[in-house]
Each structure stands twice: as structure tokens, then as C-alpha cells.
6 protein chains.
Amino acid sequence: MRPSKRAPDQMRAVSFERGVMRHAEGSCLVKFGDTHVLVAATLEERLPPWLKGQGRGWVTAEYSMLPRATHDRTRRESTTGRPSGRTQEIQRLIGRSLRSVTDLVGLGEKQITIDCDVLQADGGTRTAAITGAWIALYDCLAWMRARSMVKEIPLKTHVAAVSCGIYNGTPVLDLDYAEDSAAETDANFVMTGDGGIVEIQGTAEKTPFTQEELLSLLSLARGGVEHLVALQKAAVA
Amino acid sequence: MRPSKRAPDQMRAVSFERGVMRHAEGSCLVKFGDTHVLVAATLEERLPPWLKGQGRGWVTAEYSMLPRATHDRTRRESTTGRPSGRTQEIQRLIGRSLRSVTDLVGLGEKQITIDCDVLQADGGTRTAAITGAWIALYDCLAWMRARSMVKEIPLKTHVAAVSCGIYNGTPVLDLDYAEDSAAETDANFVMTGDGGIVEIQGTAEKTPFTQEELLSLLSLARGGVEHLVALQKAAVA
Amino acid sequence: MRPSKRAPDQMRAVSFERGVMRHAEGSCLVKFGDTHVLVAATLEERLPPWLKGQGRGWVTAEYSMLPRATHDRTRRESTTGRPSGRTQEIQRLIGRSLRSVTDLVGLGEKQITIDCDVLQADGGTRTAAITGAWIALYDCLAWMRARSMVKEIPLKTHVAAVSCGIYNGTPVLDLDYAEDSAAETDANFVMTGDGGIVEIQGTAEKTPFTQEELLSLLSLARGGVEHLVALQKAAVA
Amino acid sequence: MRPSKRAPDQMRAVSFERGVMRHAEGSCLVKFGDTHVLVAATLEERLPPWLKGQGRGWVTAEYSMLPRATHDRTRRESTTGRPSGRTQEIQRLIGRSLRSVTDLVGLGEKQITIDCDVLQADGGTRTAAITGAWIALYDCLAWMRARSMVKEIPLKTHVAAVSCGIYNGTPVLDLDYAEDSAAETDANFVMTGDGGIVEIQGTAEKTPFTQEELLSLLSLARGGVEHLVALQKAAVA
Amino acid sequence: MRPSKRAPDQMRAVSFERGVMRHAEGSCLVKFGDTHVLVAATLEERLPPWLKGQGRGWVTAEYSMLPRATHDRTRRESTTGRPSGRTQEIQRLIGRSLRSVTDLVGLGEKQITIDCDVLQADGGTRTAAITGAWIALYDCLAWMRARSMVKEIPLKTHVAAVSCGIYNGTPVLDLDYAEDSAAETDANFVMTGDGGIVEIQGTAEKTPFTQEELLSLLSLARGGVEHLVALQKAAVA
Amino acid sequence: MRPSKRAPDQMRAVSFERGVMRHAEGSCLVKFGDTHVLVAATLEERLPPWLKGQGRGWVTAEYSMLPRATHDRTRRESTTGRPSGRTQEIQRLIGRSLRSVTDLVGLGEKQITIDCDVLQADGGTRTAAITGAWIALYDCLAWMRARSMVKEIPLKTHVAAVSCGIYNGTPVLDLDYAEDSAAETDANFVMTGDGGIVEIQGTAEKTPFTQEELLSLLSLARGGVEHLVALQKAAVA
């Protein structure tokens with residue numbers, strides 16, 4: 001039995017609130033249950049130096065948690081002086097995930113920065129961030145299209161992410177914090193709207209897992225991502 | 001005429017939403033018009049080293065803005081490696097303001113950290129933060145009282161803050177961003193529920209101001225703080 | 001009775017020694033009693049990037065204390081890795097104060113950096129620094145005029161600063177360290193040669209103050225600044 | 001055809017040289033073709049603070065590349081001031097991989113730090129590091145057993161790692177630099193001596209991959225790890 | 001002919017002003033011509049951790065230059081975030097030099113920190129600092145003796161330092177800035193009151209030097225140090 | 001008797017292994033007994049900004065030790081955030097030593113960076129690094145000559161370095177770690193192939209040394225450097 005009483009293949013309630021940040025070209029408050037992430041997409045003219053003059057744009061991401069998003073207060077990274085290894089790992093993942101579905105040539109020589117700030121954490125912050133970031137990115141690109149900066153929205157498809165894990169011996173979908181801290185194995189899956197796998201990160205700190213277990217997690221993830229993509233489609237319809 | 005059409009002594013719409021952060025002992029989303037600050041109060045057992053064993057507690061504050069709280073995106077302070085001078089000035093001000101109304105002996109040897117994170121900025125973020133922080137602090141202390149950690153809520157009175165300035169030659173209350181960036185003079189006033197002045201920060205980068213102007217700003221501020229204290233009282237009633 | 005036996009409205013002995021640094025375009029060793037600050041004004045061709053091409057110059061300031069300027073040794077900020085919040089707050093104040101009386105268009109596209117290094121501290125280092133910095137800035141501008149880099153000295157008026165506070169219930173002028181650490185309220189006033197107020201920073205960490213107290217401090221400060229401006233005039237005559 | 005003329009399922013020449021660092025309790029120079037990593041295992045009495053008094057030890061890792069390990073010189077991380085995101089991601093991976101096969105209770109309240117310094121890089125530095133680190137860790141634990149600090153070597157099994165990817169449409173084993181930079185998809189697999197999966201990191205920045213492709217990479221990786229474990233067994237026999 | 005018209009073996013005018021810093025246990029303003037260094041000696045109870053419980057004390061030094069001590073303004077090390085290599089090299093040299101003549105067992109378990117702040121630079125700042133630091137250290141130790149913290153002043157002898165160099169082919173004593181920047185070779189010599197050599201740092205970036213040249217520089221330095229020691233004796237008599 | 005049984009004027013076994021780093025333009029693994037340093041020379045087009053357009057090149061050096069090069073593990077400088085004072089002092093010394101024998105005009109507007117990474121330390125790492133760096137620099141310049149980037153190898157002569165010290169009252173050549181940590185005095189000598197002195201760094205933290213002792217160390221060093229230069233000549237023949 002899961003702590004939340006959910007069925008093994010049941011996601012938490014997911015919602016997207018668009019346009020919540022007045023100044024941003026695109027923004028979204030995404031909720032996976034009690035995990036709340038505020039995402040802003042910012043359009044900028046300047047590119048990273050190594051990309052200049054190649055006729056392509058760039059999508060990058062930053063990720064942070066408010067100090068009291070977590071059960072115990074976490075120190076601010078501005079006072080520790082640097083983003084932690086975990087933070088950097090997550091923001092690199094978000095960036096790669098979004099670039100995998102963006103037509104960077106279609107975007108042109110512009111950069112879009114996606115800020116993902118976790119207001120409240122209950123497990124799965126990186127997967128909620130990726131899923132909500134797609135909405136903010138879409139709205140930023142729609143903003144550009146409305147101003148004739150792009151002809152079409154330069155997105156190849158949707159991208160969404162979900163975590164799965166083996167909890168008390170059972171494969172379950174969309175781990176919350178109680179499950180995440182007790183799971184034998186957990187894996188994050190990033191997949192596209194047409195079913196392609198963009199990223200798998202599977203880790204077994206306690207007990208190694210088998211190929212069969214990997215496949216059962218992948219199967220759960222596929223169902224979860226299909227559900228998330230359907231919600232994304234409804235949100236931007 | 002003010003850009004917002006407000007009368008010179010008219011504040012923006014102010015609201016407090018309590019209990020918005022699931023993990024925090026006290027929290028408040030405060031809005032002064034389009035300025036939105038999320039405040040969390042965290043109770044911690046550890047004191048700053050220089051305060052140990054003196055039978056008193058401490059209240060401190062941290063302040064930050066989300067990168068896209070502002071019209072143009074601001075760099076994250078975790079990537080610049082340190083809180084800016086402006087950030088440090090503001091968080092010292094918030095801490096002093098709250099300590100001025102807290103009975104630190106009544107609190108006992110505990111520390112309360114107030115995190116003020118600006119979700120959206122339109123001028124007056126520090127005054128909104130102080131005003132909302134009083135609510136979060138109150139709720140944190142009420143949480144302690146409910147657990148018999150304190151007998152009475154160790155607050156002497158309310159504290160609230162507002163900015164005033166001379167805009168187009170007229171003293172006006174509660175500057176928004178459009179006014180703030182054009183004002184000849186601006187001043188922040190922190191005052192208590194019984195009318196005492198805790199802090200005045202008045203600055204005239206363009207034209208020095210006179211004693212009469214100072215008094216007219218102080219008079220506006222007094223009215224503004226009275227209004228804010230009334231709203232605080234209603235919020236915690 | 002003040003620890004120094006001074007009358008409530010009596011300043012410490014103030015002196016300016018000009019031209020004490022061989023390499024600087026302007027320099028001044030300013031003493032407010034046992035508070036000694038060495039000020040150097042440096043003329044530089046380079047402007048902050050955001051100011052280029054606007055036909056205006058800039059005046060900025062840095063502030064530091066020698067480690068043993070204070071009663072106990074203070075750690076060097078080069079070993080802590082960053083200027084403290086207090087340091088940044090003070091150097092921003094010095095810069096704003098000087099810019100308020102400088103004709104930045106008359107200066108032309110040049111920057112003057114004012115270094116204020118406290119050799120010995122006994123309270124009031126920031127007010128001594130501002131007051132002495134006006135002398136060093138004046139001498140730097142006179143150096144420029146002597147080389148026909150400016151026609152007139154681009155200063156609109158004098159600027160000077162003094163602290164006041166309520167000590168043992170009595171408003172007093174120019175707090176020394178013994179008074180400053182015991183005062184209920186203290187305030188720094190920066191005022192111009194023609195009586196305008198440039199900056200007020202009033203703080204009551206212990207007991208809030210009233211409007212009447214603020215006005216009595218302001219009155220003391222006005223007298224103090226008039227005295228300082230007269231000494232500045234004598235020094236550069 | 002692979003640039004190195006290898007068959008799709010053919011690893012590079014792999015070798016382990018034990019005991020190469022005079023001062024270390026365990027050490028190993030591991031080579032995967034032209035990728036050379038020097039690994040040192042250091043036994044220390046001190047534990048991370050959060051682990052004290054729990055009757056368990058810890059294994060952690062650090063990773064670095066010499067500046068000219070790479071084709072173009074890379075800046076030293078001591079001059080950039082911090083380990084990069086990539087470095088932190090890799091050292092966290094190495095630590096997790098080794099802990100997954102270590103009996104931390106059997107180790108007792110001690111910490112072993114594994115330093116992996118890349119002398120020369122040609123793709124697959126993290127997988128070579130994990131594979132060689134097992135040897136250095138084994139030798140460090142054998143050093144402890146010889147001194148009766150542990151009764152048995154507290155290792156549950158072997159652990160080794162290899163990368164696979166889809167290069168020119170074909171799944172291939174053990175990517176070198178030329179393949180790695182051109183591959184559509186690449187994945188790192190960390191597996192134990194008894195076939196369990198400890199970690200999968202699969203990334204498709206260009207084209208998403210399918211479940212079938214994932215399984216073909218996993219099958220290649222399984223063969224590679226079996227080969228590496230056999231070589232580890234021969235090395236410590 | 002030297003730029004300053006001095007004879008090859010002629011030092012600049014040297015002076016010591018004792019007791020110039022009100023708060024310090026010992027202090028000295030030392031001048032070697034236009035090179036002015038303010039030295040403060042601070043007595044502290046705390047020792048470096050690695051020295052605790054060994055019945056010995058420690059003498060350490062820090063060195064800094066005011067930004068406008070030099071012809072062009074130098075950036076403050078608090079803004080670059082760290083002491084430069086040159087700064088660290090100099091402060092290590094000053095510390096070693098003073099420790100070589102201090103009876104650390106006689107000092108007892110205390111630390112004396114010597115702060116050397118260059119107010120004005122014209123070559124030879126490190127040699128002036130060492131020479132003046134001996135005075136400040138002596139006065140700090142005399143302060144301790146006056147309070148019966150030590151029975152005798154725990155100094156074995158004097159220590160002083162001077163630079164020499166080959167300028168236009170001639171060995172000269174006590175280089176000023178004009179000579180220092182043009183010299184083929186320069187060397188700093190630290191020597192004790194009884195003629196022992198504590199430190200030699202000789203550098204030839206342009207042309208290597210010979211043993212004969214080294215000996216002629218050493219001979220000049222010996223004369224210079226004898227002169228400095230005589231002045232130190234007169235100063236503390 | 002020396003711990004290693006060597007005669008007072010006997011160096012440790014010295015060897016050079018050239019071309020050990022596949023990517024570097026020049027490289028050398030130099031061994032002075034158990035002290036092993038891996039040196040890489042990197043040719044870069046970019047010059048330090050202050051050298052641009054002067055028709056000259058530059059040679060600079062960086063130095064580091066692997067964490068377990070030493071008996072106890074040393075913290076990585078990427079985690080302390082900065083190169084230590086000792087590291088900076090050594091890398092400045094290596095750079096100066098190499099520049100003293102390089103024809104910088106002959107090199108042209110290019111920079112060569114010498115990376116010296118200590119794989120194993122047993123005293124004398126800086127002298128081994130300088131001596132091996134000459135080989136790596138030579139090979140880098142030969143690489144350039146082979147590509148007609150320079151006509152002749154722009155080296156004026158050889159440069160090599162050795163340490164000497166007074167151990168148990170006897171002057172000895174090429175201190176190993178056991179001697180270095182016990183020596184009364186030690187000195188590093190950098191000398192050229194034609195006998196010129198480039199750098200002397202002599203330090204006596206325990207007992208000051210005499211001119212006679214200095215000369216006996218210099219005499220030992222001269223013999224050691226002659227031996228090293230002969231080995232360098234054999235290595236590049």
C-alpha cells in the first residue's frame with residue numbers, strides 16, 4: 001500500500017496554471033500533488049559565445065528551491081556561494097530535455113532561459129519542472145510568433161517526465177517524498193510526445209535491479225508521460 | 001497624476017494569504033498591488049554562536065528575488081557567488097524591523113529565520129516583505145504557543161513599512177516601480193503599531209530635500225502604516 | 001554626562017590634512033577625534049559599462065578598515081572573500097552622497113573613485129569618511145582644472161555628514177564609540193552646504209523613536225554639518 | 001565501421017596496474033585504450049558529520065582531469081574556483097557505484113576516499129574510473145585486513161562500468177572520443193559482478209531512442225561488464 | 001648614477017614612529033624614503049589548531065596595500081576575492097622572518113598577528129615591513145612584560161631586511177621603485193642582529209647573475225642591515 | 001649519514017620520459033627518486049592581454065599535486081576554491097625560471113603553458129618540475145620548428161634546479177622528504193646551462209646561516225645542476 005493510497009500506476013493530481021508571472025514571456029505554475037514549481041521562460045537576444053553566428057538558438061535552464069520548500073530549511077545557494085552538484089545536475093537535465101524537442105534552427109539566434117523555482121517540494125521536483133517547463137517554453141514561443149519573430153512555433157513535439165521506483169517490492173509511478181526516501185530503486189524518465197526516450201536516469205543505491213524491473217518501470221513511465229502530454233495538450237489548447 | 005491614477009495618499013491593494021507553505025511554521029503571501037512576496041518563518045533550535053547562553057532568542061531574515069520577478073531577467077545570486085550589497089542591506093533591515101517588536105527574552109533560546117522571496121516585483125518589495133513578515137512571524141509564534149513552547153506570543157506590537165516619495169513635485173504614498181524610478185526623493189519608513197518610528201531611510205540622489213518635505217513624507221507614511229496595521233489585525237483575528 | 005565630557009551639541013575635534021598621498025590626484029587624512037580616515041581620490045578614464053557614451057561621469061567609493069583600526073582585531077575582507085554587508089552599505093552611501101553634489105555632466109566621461117580606509121576607529125567612521133571625501137574629491141577636481149580637463153570645478157556645493165543619537169535619554173551630536181554602542185537610537189545625516197538633506201538613516205533597535213526626537217536629532221545634525229562645512233571651506237581656501 | 005576498426009561488441013584493450021602510488025593504501029592505473037585514469041584509495045578515520053555514531057563507514061569519490069588530458073587544454077578547477085557540474089555529477093556517480101557493492105557496516109566507522117585523476121582522456125573516463133576504483137578499493141580493504149582492521153574484505157561483489165551508444169545507426173560497446181562526440185545516443189551502465197544494474201544514464205540529445213535500442217545497448221553493456229569483471233578477478237587473484 | 005642621486009651603498013632615509021595605533025598592543029609607522037608601512041601587532045589567545053597544547057606560541061603576518069599606495073590604483077583584494085600570489089608570498093616571508101628571532105616557547109601559548117598595511121609604495125615594501133614589524137613585535141612583547149605575561153621579552157635578537165640589485169651594471173643598496181623596475185637582478189636579504197642570514201630571495205628575470213655578483217649584493221645588504229639594526233636599537237632604547 | 005645512505009653530494013636517480021602525453025605538444029615524466037612529476041607543454045595562440053602587440057611571446061606555468069601524492073591525503077584545491085600560497089609561489093618560480101632561458105621574441109606572439117602535476121612527492125617537487133619542464137618546453141618548441149612556426153628553437157640555454165640544505169650539520173645535495181623536514185636550512189637554486197644563477201631561495205626557519213654555509217650550498221648546487229643539464233642533453237639528443 002502506498003502512503004498516499006494511490007494505485008501503483010496512479011499519478012498525483014497534476015495541474016498547470018499559465019501566465020502567472022507578469023514580466024515573463026512564458027510562465028507556468030505546475031503542481032504534481034504537493035510539489036509546486038514556478039517556471040518562467042525568458043527570451044534573450046544574447047547567445048552563449050560558442051554558439052554565435054551558427055544560425056541556431058539555445059534553450060537553457062536554471063533550477064532552485066526556496067529555503068523552506070523542504071521539511072527542514074535548506075541553506076540558500078547564494079550564501080554557500082555556488083549551486084550544489086545536485087542543482088547543477090538537475091538544471092543540465094532540464095536543459096537537455098527541452099532542447100531535444102526544440103527546433104533550434106527554427107528558433108533563430110536567440111536564447112530562451114527557463115527558470116524553475118520550487119516553491120514547495122514533495123518529491124519529483126525535477127520531473128514536475130520539466131513537464132511545466134514545456135508549457136512555459138511553448139507560451140514564450142507563442143509570444144514570439146504573435147510578434148512575427150518566428151513563423152511557426154519551433155517545437156517538434158511535447159516532452160514530459162516522471163519518476164518511477166520500486167517501493168516495498170512493487171513498481172510504482174510518480175514517487176512522492178515518503179516513497180522516494182524509502183524506495184530501493186528509483187528512476188527518472190524523460191519522454192517525448194511520440195513515445196521516444198530522451199533520458200533515463202536509474203539508480204539503485206540499496207539493491208541492484210534487474211532488466212525485468214527496468215522494463216516494468218519503463219512501462220509505468222510510458223503511461224505516466226502519455227497522461228502528462230494529454231494534460232499539456234489540454235492546457236495549451 | 002500618478003501613473004496608477006491613485007490619489008497621493010492612496011496605497012495599492014494590499015492582501016495577506018496565510019499558511020501558504022506546507023512545511024513552514026508560519027508563512028504568508030503578501031501582495032502590495034503587483035508586488036508579491038512569499039514569506040516563510042522557520043523555527044530553529046540553533047542560535048548564532050555569539051548569543052548562546054544569554055537566555056534570549058533571535059530573529060533574522062533573508063531576502064531574494066526570483067530571476068524573472070523583474071522586467072528584465074536578473075542573474076541568480078547563487079551564480080554570482082554572493083548576495084549583492086542591495087540584498088544584504090534589505091535583509092539586515094527586515095531583521096532589525098522584526099526584532100524591534102519581538103520580546104527576545106520571551107522567545108527563549110531559539111532562532112526564527114524569515115525568508116522573503118519576491119515572486120513578482122513592482123516597487124516596494126522591502127516594505128511589503130516587512131509587512132508580510134510580521135504575519136509569518138506571528139503565525140510561527142502562535143504555532144509555538146499551541147505546542148506550549150511559549151506561554152504568550154512574544155510580540156510587543158505590530159510592525160509595518162511603506163515607502164513614500166516626491167513624484168513630480170508631489171509627496172505620494174507607496175511608490176510603485178514607475179514612480180520609484182522617476183522620483184526625486186524616496187524614503188522607506190518602518191513604524192510600529194503604536195506609532196513609534198523604527199527606521200527611516202531617506203535618499204535624494206537627484207535633489208536634496210527639505211525638513212518640510214521630510215515631514216510631509218512622514219505624515220503620509222504614518223497614515224499608510226496605520227492602514228497596514230489594521231489589515232494585519234484583520235488577517236490574524 | 002557624555003563619556004567624553006562634551007556638551008550635547010559639541011562635536012569632537014575635526015581636522016583635515018590635504019595631499020597626504022603622493023600618488024593620488026586628491027587625498028585627505030580626516031580626523032573626528034580618535035576616528036582617522038585616509039581618503040584618496042583617483043581619476044580614471046574608464047566608466048562603468050552602463051554609463052558609456054552618455055556624456056556624464058561617475059563618482060564611486062570604496063570603504064575598508066585596517067584590521068587593527070578597532071579595539072579587537074577584525075578579519076581582513078580579502079580573507080573572508082568578500083566585502084561584508086556593512087561595508088557595502090557604507091560605500092554605497094559615500095558614493096551617493098558625493099554624487100548628490102557633483103555636476104556629473106561637467107565632469108565629463110570620467111570616473112573618480114574615492115577610497116576611504118579607516119586607520120583608527122572610534123565611532124562615526126562613515127560620517128568622517130563622507131566629510132573628508134569631499135576634500136579629496138575637491139582636490140582631484142582642482143588637479144583636473146589645473147590641467148584644463150575641466151573649466152570649472154564641477155561641484156554644486158559642499159556635502160558633509162554627522163551622526164546623532166539619543167544617549168541616556170538626551171539627544172547628542174557626533175557619537176563616539178562608547179556612546180554609539182549604548183545609544184537607544186542613532187541616525188546618520190548627510191546634508192549639503194546649502195542645508196538640503198541628502199540622506200537620513202535612522203535606526204532604533206531598542207526603542208522606537210518619536211517624530212519629536214527625530215526633529216531634535218535633525219536640528220543637532222544641522223548645526224554639526226554647518227560647522228563641518230565651515231571647516232571644509234577653511235581647508236580648501 | 002568504427003573509427004578504431006573495432007567490432008560493435010569489442011571493447012578497447014583494458015589493463016590494471018596495481019600499487020602504483022607509494023603512499024596510498026590502494027591504487028590502480030587503469031587504461032581503457034588511450035583513456036588512462038590514476039586511482040588512489042585513502043583510508044581515513046574521520047566520517048562525514050551526519051554519519052557519526054551509526055556503526056557504518058562511507059566510501060566517497062573525487063574526480064578530476066589534468067589540464068592537458070584532453071585534446072585542447074582545459075582550465076584547472078582550482079582556478080575556476082569550483083568543481084564543474086560535470087565533475088560533481090561524475091564523482092557522485094563513482095561514489096554511489098562503489099557504495100552499492102560495499103558492506104558499510106562491515107567497514108566500520110571509517111571513510112575511504114577514492115581519487116580518480118584522468119591523466120589522458122579518450123572517451124569513457126567515468127566508466128574506466130569506476131572499473132579501476134574497484135581495484136583500488138579492494139586493495140585498500142586488503143591492506144586493512146592485513147592489519148586486522150577488518151576480518152573479511154567487506155565487498156559484496158564486483159562493480160564495473162561501460163558506455164554504449166548508437167553510432168551511425170549501429171549499437172556499439174565502449175565508445176571512444178571520436179564515437180562519443182558523434183553518437184546519436186549514449187548511455188553509461190554500471191553493473192555488479194552478479195549481473196545487477198546499479199545505474200543507467202541514457203541520454204539522447206539528438207534523436208530520442210526506443211525501448212528496443214535501449215535493450216540492445218543494455219545487452220552490449222552486459223557483455224562488456226562481464227569481460228571487465230573477469231579482468232578484475234584476474235588482477236586481484 | 002642612481003635616479004635618487006644616492007651612492008650605491010646609501011640607504012634611503014629610514015624612520016620609525018612607535019605607538020601610532022591606539023588599539024594595538026604594539027604598532028609602528030616605518031618609512032624607507034617614500035615607502036610608508038603601518039604595522040600593528042595584535043596579541044590573541046587563540047592558536048592555530050595544529051599548534052595547540054605544545055607549549056609554544058606563534059607569530060604570523062598579513063600584508064596589504066591601500067589601493068592608491070601605488071602610482072596607478074590597484075584593485076582591492078576584498079573585491080578580487082582572495083589575496084594574490086604576491087601578497088601571500090610576502091606575508092609568509094614576514095612571518096618566517098619574525099619567527100626566526102622569536103623564542104616561541106618563551107612566548108607561551110599565544111599568537112601575535114602582525115598586520116603590515118602599505119600606505120604608500122616606492123619599492124621595498126616587504127623589506128620595510130619586516131624591519132618595522134620587529135619594532136611593533138618588540139612593543140607588543142614589552143606590553144606583555146609590563147603585565148607580567150612574560151618575564152623577559154622573548155626575542156633572541158633583531159631582524160631587518162633590505163633589497164639590493166644590479167642597476168645599470170652596478171650593485172646598489174635599497175632599491176626604490178624606479179630602480180626596482182629597471183634592475184637586471186634583485187634580491188631581498190633578511191638578516192639578524194648578529195649577522196646570520198635568515199632568508200635570501202634572489203631573482204634574475206633578465207640576465208642570470210654570477211657568484212661574484214651575489215657576494216657583492218650580500219656585502220651591501222650586510223651593511224644595510226647593520227644600519228637598520230642600529231636604528232631599531234635607537235628606536236626602542 | 002643521510003637516511004637514503006647517499007653521499008652528501010650525491011643526487012637521487014634522475015630520469016626523463018618524453019612524449020608521455022598523447023595530446024600535448026611537449027611532455028615529460030620526470031623522476032627525482034620517488035618524486036614523480038608529469039609535465040605538459042601546451043601551445044596557445046592567445047597571449048595575456050597586457051602582452052598583446054609587442055612582438056613577444058610568453059611562458060607560464062601551473063603546478064598542482066594529486067591529493068594522494070603525499071603521505072597523508074591533501075585536500076584538492078578545486079574544493080578549497082583557490083590555489084594555496086605555496087602553489088602560487090611555486091608556479092611563479094617555474095614560470096620565471098623558464099622565461100629566463102627562452103627567447104621570447106623568437107617565440108613570437110604565442111603562449112606556452114607548462115602544467116606540472118606531481119603524481120608522487122618525496123621532497124624537491126619544485127626542482128624536479130623545473131628540470132623536467134625544460135624538456136617539455138624543448139619538445140614543444142621542436143614541435144613548432146617541425147611545423148615551421150619557428151626557424152630555430154628559441155632557447156638560449158638549459159635551465160635546471162636542485163635543492164640543498166644543511167642536514168645534521170652537513171651540507172647535502174638534493175634533499176628528499178625525510179631530510180627536508182628535518183633540515184636546519186634549505187635552499188633552492190635555479191641555474192642555467194652556462195652556470196648563471198637565475199634564482200636563489202634560501203630559508204632558515206630554525207637557525208640563521210652564514211655566508212660560508214651559503215657558499216657551500218651553492219657549490220653543491222652547481223655540481224647538481226651540471227649533472228642535470230648533462231642528463232637533459234642526453235635526453236633530447
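Let me begin with a term: two strands are said to pair if DSSP finds at least two bridges between them. With that in hand, I would like to walk you through one strand of this predicted model, namely β9 of chain F, and then turn to how the chains are arranged.

Strand β9 of chain F spans residues 197–203 and is mostly covered, with 7 of its 7 residues buried. Within its own chain, β9(F) pairs with β8(F), residues 185–192, in the antiparallel sense and over 6 bridges, and as one example of that pairing, D186(F) stands opposite T203(F) in β9(F). The two strands form a hairpin with 4 residues between them, and in the turn G195(F) has a positive phi of about 90 degrees.

What joins β9(F) to strand β9 of chain E? The answer is 5 bridges, with the two strands running antiparallel, and here G202(E) has I200(F) as its bridge partner.

Now to the chains themselves. A turn of 180 degrees, with a shift of 0.0 Å along the axis, lays chain F on chain D with an RMSD of 0.0 Å, which is the relation of a two-fold axis. Of the interface residues of chain F, 100% are also interface residues in chain D, so the copies meet through the same surface.

Finally, there are pairs of chains that do not meet: chain B and chain F do not touch, their nearest C-alpha atoms being 12 Å apart, and likewise no contact joins chain C and chain D, whose closest C-alpha atoms lie 12 Å apart.

Key
Residues are numbered from 1 along each chain as its sequence is written. Chains are lettered from A and ligands numbered from 1 in the order in which they are written. This is a predicted model: local features need pLDDT of at least 70, side-chain atom pairs count only at pLDDT 80 or more; totals for chains, interfaces and linings use all residues. Side-chain values use heavy atoms; hydrogens and water are left out. Buried means under 20% relative accessible area, exposed over 50%, partly exposed in between (1.4 Å probe, protein chains only). Copies are superposed by least squares on the C-alpha atoms of residues with pLDDT of at least 70 in both. Contact means heavy atoms within 4.5 Å.
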